[in-house]
Amino acid sequence: MIHEVFMPALSSTMTEGKIVEWVKAPGDRVEKGETVLIVESDKADMDVESFYEGYLATIIVPAGGNAPVGEAIALIAETEAEIEVAKQQAAGAGSAAATPATPAATAAPEPVAVSPEPVAAPTATRSDRLVASPRAKKLAKSLGVDLASLTGSGPHGRIVAADVEAAAGVNAKPAIATPVAPAVVTAPVAAPVATAPAAPAPTPAIAPGQFVPYSTFQQAVVRNMEASLNVPVFRVGYTITTDAIDSLAKQLKPKGVTITVLLAKAVAATLAKHPLLNARATETGVQYNEAINVAIAVAMDDGGLLTPVLGRADQTDLYSLARNWKDLVARSRTKQLKPEEYTTGTFTLSNLGMFGVDRFDAILPPGTGAILAIGASKPTLVATADGLFGVKRQMQVNLTCDHRHIYGAHAAAFLKDLADLIENRPESLTL
């Protein structure tokens, strides 16, 4: 029997996937549950496992190609004797699945669907495509190693982590410890999440008049932003004095707690008192969420936007949140997050304060009720209660809300309680 391998839906918003790498080559034995390929969805690179056992007979969509969700991208034969039958199926009737818009033109897809894979020198072909394990790719980025210069020691010439470590002249321990350190990795995302003051990444050279198509990642952002335009929103601003929470952040910094995590915890604690801000509007009513999951916007180096989620942030202690956030950021840089780690947010934070931005408006993510835009905390001359003048650090925040179920009074009450917690009781966040 011959089985089709379909492009999977790796997230609720995914409509198309890009094949990053075929881990298996035509003719390789495939076990049920074994990774066959790596697919780039709208926001992450995911290993795709086989539902069948047998032999990878032919690859219809090669590495680097795109395919809609549900489209056949390869064929698996249960026996070696059926491999040739599967190849004929891909070249004939199978080509209709590969190009559904032009079913009559069966001859044209053959060079794309069949020819690139059954080459006599599979090792060279895979090397051209830089076949490497996800961990090897992550290490190569962090250590500045060019994968194209390596010869893989893994199965069928696949580049593994040990190959990268050997090329960089380091052992396993430092190789794992360094992904968050090099500026080449951290620069694109460190600023939005306030985790490290890294220098901006060099801007790629763009020739005048050049056209750069959206990546799969950016296409997902475009679809989400267009969907947001259908939601009636309003915005409410507030000024919050940050002297107390800034002092607490300095004390907790040696323990790995950042101001980003403190603000996320403060927001979660306030949302527990204002569940309407954590709810979402539907066509027939208001859906209150069971958990408070704070998503935090992170800018990616390819121009996309990711929102890693701190799940049940109100019920999780501050130090566990800090460890979780550090792990989420590290894996978001290499697009290794699971869908539930970036799609389950119920309230979003967007922080541009580290860029010196005073205030800005954030666009409401689809399926949520509110997003808080956070500006820079700066020394400000203010009037004190006794009629004198003093200098305090203050930041501007701007709350964007879905007006279908959240009204101005609800937003104002939330911001008032959030400000009270940050200004007067930030130490309670450590309890």
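This is a short chat about a predicted model, touching on a sheet, a ring pair, a loop residue and a surface patch.

Biologist: Let's start with the sheet that has β1 in it; what is the strand order, and is it open or closed?

Modeller: In this predicted model, four strands make up an open sheet, running in the order β1-β8-β6-β3, and the pairing is antiparallel.

Biologist: Which are the edge strands there?

Modeller: The edges are β1, covering residues 2–6, and β3, covering residues 29–30, and each of these pairs on one side only.

Biologist: And how many bridges hold β6 and β8?

Modeller: Strand β6, residues 54–59, pairs with strand β8, residues 72–77, over 4 bridges in the antiparallel sense. If you want a place to look, L56 has I76 in β8 as its bridge partner.

Biologist: What sits over the ring of Y55?

Modeller: That is the charged end of R29, which lies over the Y55 ring at 5.1 Å from the ring centre.

Biologist: Switching to aromatics, how many aromatic pairs are there?

Modeller: The count comes to 1 aromatic pair. The partners are F347 and F414, and the pair is tilted, with 5.7 Å from centre to centre and 45° between the planes.

Biologist: Which parts does that pair tie together?

Modeller: F347 belongs to strand β16, residues 347–351, while F414 belongs to helix α13, residues 408–424, so the pair links parts that are 67 residues apart in sequence.

Biologist: Is F347 buried or exposed, and why do you say so?

Modeller: F347 is buried, because its relative accessible area is 0%. F414 also counts as buried, since its relative accessibility is 0%.

Biologist: New topic: where does R312 lie?

Modeller: R312 is in the loop between β15, residues 309–310, and α12, residues 318–333. Its phi is near 45°, which is a positive value in a residue other than glycine.

Biologist: How accessible is R312?

Modeller: R312 has a relative accessible area of 40% and is therefore described as partly exposed, given that this class lies between the 20% limit for buried and the 50% limit for exposed.

Biologist: Last one: which residues make the nonpolar surface patch?

Modeller: L381, F389 and V391 make that patch, which covers about 380 Å². Of these, V391 lies in strand β18, residues 389–402.

Biologist: Why is V391 called exposed?

Modeller: V391 is called exposed because its relative accessible area is 61%, and the exposed class takes in values over 50%.

Conventions. Residues are numbered from 1 along each chain as its sequence is written. This is a predicted model: local features need pLDDT of at least 70, side-chain atom pairs count only at pLDDT 80 or more; totals for chains, interfaces and linings use all residues. Side-chain values use heavy atoms; hydrogens and water are left out. Patches are made of residues with over 30% relative accessible area and no salt bridge: like charges are joined within 9 Å, nonpolar side chains (Val, Leu, Ile, Met, Phe, Trp, Tyr) within 5 Å. Accessible areas come from the Shrake-Rupley method with a 1.4 Å probe; for residues, only the protein chains shown count as cover. A salt bridge is a side-chain nitrogen of Lys or Arg within 4 Å of a carboxyl oxygen of Asp or Glu. Helices (H or I, at least four residues) and strands (E, at least two) are DSSP runs, numbered from the N terminus. Buried means under 20% relative accessible area, exposed over 50%, partly exposed in between (1.4 Å probe, protein chains only). Rings of Phe, Tyr and Trp (its six-membered ring) pair if their centres lie within 6.5 Å; planes under 30 degrees apart count as stacked, over 60 as edge-to-face and the rest as tilted. A charge sits over a ring if NZ of Lys or CZ of Arg is within 6 Å of the ring centre and within 35 degrees of the ring normal. Two strands pair if DSSP finds at least two bridges between them.
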